[in-house]
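Trainee: I would like a close look at one part of this model. Please start from one residue and work outward.

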Amino acid sequence: MSSFSCSTGLDANQLSPKKCRGVNKNYIEDIANEAINLLWNICECNNTALYIFNKEGCLEAVLHYMKKFATNVDLAISVANCLQAVTEDNPDLLSSFNASAQQILEAVMLSPESTMKHILLRTLIAGTIWNIKDTIPPGSLGSTVNAILKIFSESLAIDAGETIIRMNEAEKNRLKLAVEPETEENMSDTTENCVLSEDDNMEEIPKGKFRTENDVSDLLPSDKWELKEVTALLTAQQTALEIIVNMCCSEDPSDDEWEELSSSDESDLFMENSYNEGSGLLLSPLCLSDEVNSAFLNNLIPKKILEKTAFPNSVAVDICMHNPSWKPLIKKLNAVQCRALTCLQSILLVSDVDCLGGASALQSLAQHLSQLIFSKTELPTDTEFLEAVTSALRALLQTMASKNISQCMTPEQLLALCEAGIQSSNASVRVNVVSILGISGSVLAKGQDTAETLKMIGKFLLEVAMKESSLVVAGEALDALFDVFADGEEAERAALQIKLLSTLKEFQPVFRMRIRKEGKGQYSTDQLCVLDNVKMNLRRFIAYQETLGKTPT
């Protein structure tokens, strides 16, 4: 790794030949690109490599090649990927970002090129600058955050479906107009003449790398150019959404955790219950800074996120389905939708209701999420989508309940969602649907003539608590029961009819024994802490229900 710093000998000013302007792809830049990609992959998965990167001053060598962004965007994207990886959770590197380094990054952010690859490049650099935000003077932080979110907004504003349709048509037209390549003999003669006329430090380059000055192939897209452009756009949009999630939480989640953020409403309640019941992930309190909140609104970030939660354009999906080389884009389209749903969840966690557009906007959002879930004859089964959409719905319903905003989903829809979701192999999905039922049930308990619905909800939650294989999900089901049957005449009536008290009293020792036997080794410390809290609340809830039975009617 330390020898990588020697690569600065491949001077950026020497990369392009002076006289042979027909180079298709400079082999030195190819070598640099491969080296930086290797460095990126190593540092991303190995802390020792990251330590050596810091110690050996590799940052300067990597930034050296960012200067080529105007003429070699692929190399610049590799550099940007590497920079984003090495700056994430790496405070030891911050001191290396001097004024010169930051000027290079700023030049990329301000570049005017509008290709999708350049949009990806600017998005990655914006993410890098967010990672090193602690090096930015407080007086400049607001404008920097706004610049970052402006780049994300521009990326998210592009309709990926329409871009696929347009680029696919462009590819078809290009292939129709493709010209026959020159004969190998002509190319060979041209190459030899060009190499002989070079009087600088050029080594002989393999034949076939050059073309005549009259060749117009540089005006045509390279092979798969259109596909690469769409891929760059979708990667940029996914990256932007992931970084926005991190901006909503001061404790950046890992790749596996970032889409599993829990939901909450009031900051006081969040402080008391600052854990994710699904994964045991400890979270920070609501923490959207004034700078980020202002930039979110200025750049219409919530609106752009909402637009990306829609299902992908069916025409674009059909194009990809019938074109083998474009088919992988379907997975990327779905990934963008899932990231947008997770992003929406994060926005709901940290934004005031008024900033989100008020009660009517939240009700419209509830309708939108309901349509995503129930628009097809069968409920969705894709695990990633189901986790993302139930996480967003959970956060939304909790926010609406805390503000006494009427909810739009019918009990039948809720039960259908929960019955499907509880079959998922993903524990986070099961946690989400149980929590959703608890939130909705607690709202119904305050109404009139809801006992029958509360009975169905209670039976469902009891069955989950007693039969669920995951203690975390079982604990969430118990918490939901506590919320639904905490208060109200309808809840009391329903509780008596389903024999809630006697069932819980019988189940209490079973739950305690499961925690003792299964807890250690299978669950994290944070999850065990949550389960201990549920165990204590179960004891209290049973005592509370017993007092209700003794109260004269």
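Trainee: Where is K499 found?

Mentor: A caution before the answer: this is a predicted model. K499 is found in the loop between α22 (489–497) and α23. Its backbone stands out. K499 is not a glycine, yet its phi is positive, at about 55 degrees. Most residues other than glycine have a negative phi. Now the surroundings. K499 has a relative accessible area of 57%, so it is exposed, the cut-off being over 50%.

One other residue makes a useful parallel. D449 has a positive phi too, near 55 degrees, and is not a glycine. Its place is in the loop between α19 (427–444) and α20 (451–467). D449 counts as exposed because its relative accessibility is 73%.

Back to K499, and on along the chain into α23. Start with the aromatic side chains there. F507 and F511 both lie in helix α23. They are 4 residues apart, about one turn of the helix. Both are buried. A pair of aromatic rings is described by the distance of the centres and the angle of the planes. For F507 and F511 the values are 5.8 Å and 35 degrees, and the pair is tilted.

Next, the charges on α23. K505 lies in this helix, and its salt-bridge partner E546 lies in helix α24. Their side chains meet at 3.1 Å, N to O. The two residues are 41 apart in sequence, and the pair links distant parts of the chain. Is this bridge buried or exposed? Neither end is fully one or the other: K505 is partly exposed at 42% relative accessible area, and E546 counts as partly exposed at 29%.

The two helices also share a charged surface. R512, R516, K517, R539 and R540 form a positive surface patch. Two elements give two or more residues to it: α23 (500–522) and α24 (525–550). Helix α23 gives the most, with 3 residues. R512 is in helix α23. With a relative accessible area of 33%, R512 is partly exposed. That value matters here, because a patch residue needs over 30%.

One more aromatic group deserves a mention. F482, F541 and Y544 form one aromatic cluster.

Now step back to similar contacts elsewhere. The structure holds 4 aromatic pairs. Among them is F311 with F385, a tilted pair at 5.5 Å centre to centre and 35 degrees between the planes. F311 lies in the loop between α13 (301–308) and α14 (314–321), and F385 lies in helix α17 (residues 383–402), so the pair ties together parts that are 74 residues apart in sequence. The two rings differ in cover. F311 is partly exposed at 33%, whereas F385 is buried at 6%.

Salt bridges next. Side chains of opposite charge can pair when their charged atoms come close. The count comes to 13 salt bridges. One of them joins K68 to E29, with the closest N and O atoms 3.6 Å apart. K68 is in the loop between α3 and α4 (73–87), E29 is in helix α1 (residues 27–45), and 39 residues separate them in sequence. Both ends are covered: K68 is buried at 9% relative accessible area, and E29 counts as buried at 8%.

E242 and R339 give another case. Their side chains meet in a salt bridge at 3.0 Å, N to O. E242 is in helix α10 (residues 225–247) and R339 in helix α15 (residues 329–350), so the pair ties together parts 97 residues apart in sequence. E242 counts as partly exposed at 25%, while R339 counts as buried at 11%. The contact does not stand alone: E242, R339 and E384 are linked in a network of salt bridges.

A last stop is α3. H64 lies in this helix, residues 58–66. It is buried, with a relative accessible area of 14%. H64 and A101 are 37 residues apart in sequence and 9.4 Å apart in space, C-alpha to C-alpha.

To return to your question: K499 is in the loop between α22 and α23. The helix α23 holds the F507 and F511 pair, and α23 also gives 3 residues to the positive patch.

Technical notes: Residues are numbered from 1 along each chain as its sequence is written. This is a predicted model: local features need pLDDT of at least 70, side-chain atom pairs count only at pLDDT 80 or more; totals for chains, interfaces and linings use all residues. Side-chain values use heavy atoms; hydrogens and water are left out. Patches are made of residues with over 30% relative accessible area and no salt bridge: like charges are joined within 9 Å, nonpolar side chains (Val, Leu, Ile, Met, Phe, Trp, Tyr) within 5 Å. Accessible areas come from the Shrake-Rupley method with a 1.4 Å probe; for residues, only the protein chains shown count as cover. A salt bridge is a side-chain nitrogen of Lys or Arg within 4 Å of a carboxyl oxygen of Asp or Glu. Lys and Arg count as positive and Asp and Glu as negative; His and the chain ends are not counted. The place of a charge is taken as NZ of Lys, CZ of Arg, CG of Asp or CD of Glu. Buried means under 20% relative accessible area, exposed over 50%, partly exposed in between (1.4 Å probe, protein chains only). Rings of Phe, Tyr and Trp (its six-membered ring) pair if their centres lie within 6.5 Å; planes under 30 degrees apart count as stacked, over 60 as edge-to-face and the rest as tilted.
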